[in-house]
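Thanks for asking me to look this one over. Here is the model, followed by my notes as numbered points.

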Amino acid sequence: MRLRAVIALAAALIGAVFFTPAVQAQGYPPAGCPGSLSVSTTHPLPGETITVTGTDFSPGANVHLVMRSQSYDLGTFKANAQGSFTAQVKLPAGVVGRHLIVAVSGAPHITQCEGDPIQIQPPNGTSTGPNGHHGGNSFTGVDILVIVLIAAGLLGAGVALTRGGKRRHGTDTV
């Protein structure tokens, strides 16, 4: 019985390691993107106007910006002769949470150029300055609750399996 419990615990731990979302260092911009985007603040308020700067796009191209989580159109801006642009974009009012501002056009064969992630603060929050400092804790991108729930589920399955084996063993005796 103890051996089964040890095996169930080991299976739960292995499952938690292999079946939880992998954390990867993601560079910005992604490798397939010819240009790069940056934002004036990574923690704006809803409805705030922020500056989006783009470089290395096709000279004279129309660069269309969208905020992703859902698709919020932020406008189309023209790159200069060097392929750069600076745009003032107004974020949607009433939208909070983590989002990406992406360029969905502006160079040949472009599918999407991602900028730095932004975390739109609730209306009672405070926006950050150009350096993105807000004095709070940063979100690292890993939701520990998911890992704990998966591990608990696997442990529960292990316990159920060991109890099921114990019941069968008890009924086999005459």
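1. A word on terms before the sheet: two strands pair if DSSP finds at least two bridges between them. Helices (H or I, at least four residues) and strands (E, at least two) are DSSP runs, numbered from the N terminus.

2. Please keep in mind that this is a predicted model, in which local features need pLDDT of at least 70 and side-chain atom pairs count only at pLDDT 80 or more, while totals for chains, interfaces and linings use all residues. Residues are numbered from 1 along each chain as its sequence is written, and side-chain values use heavy atoms, with hydrogens and water left out.

3. The sheet is a good place to start. It is open, has 3 strands in the order β1-β2-β5, and its pairing is antiparallel. Because β1 (36-39) and β5 (85-90) stand at the edges with a single partner strand each, one side of each has no neighbour in the sheet. On average, neighbouring strands here are turned by 25° against each other, direction ignored; the axes behind such angles are lines fitted to C-alpha atoms.

4. Now the pairing in detail. β1 and β2 (residues 49-55) run antiparallel and are joined by 4 bridges. Val39 has Val52 in β2 as its bridge partner, and Leu37 stands opposite Gly54 in β2. On the other flank, 6 bridges join β2 to β5, again antiparallel, and here Gly54 stands opposite Phe85 in β5.

5. Which side chains of β2 point to the buried face? They are Ile50, Val52 and Gly54, whereas Thr49, Thr51, Thr53 and Thr55 point to the other face and are not buried. Buried means under 20% relative accessible area, exposed over 50%, and partly exposed in between (1.4 Å probe, protein chains only).

6. I also enjoyed the aromatic rings. Rings of Phe, Tyr and Trp (its six-membered ring) pair if their centres lie within 6.5 Å; planes under 30 degrees apart count as stacked, over 60 as edge-to-face and the rest as tilted. The whole structure has 2 such pairs. Phe57 and Phe85 make a tilted one, at 5.7 Å centre to centre and 55° between the planes. This pair links distant parts of the chain, as Phe57 lies in the loop between β2 and β3 (62-68) and Phe85 in strand β5, 28 residues apart.

7. Phe57 is buried at 4% relative accessible area, and Phe85 is buried too, at 5%. The ring centres of Phe77 and Phe85 are 6.5 Å apart with planes at 5°, so this pair is stacked. Phe57, Phe77 and Phe85 thus belong to one aromatic cluster.

Conventions:
Axes are lines fitted to C-alpha atoms, for helices over the stretch in contact, and angles run from 0 to 180 degrees between N-to-C directions.
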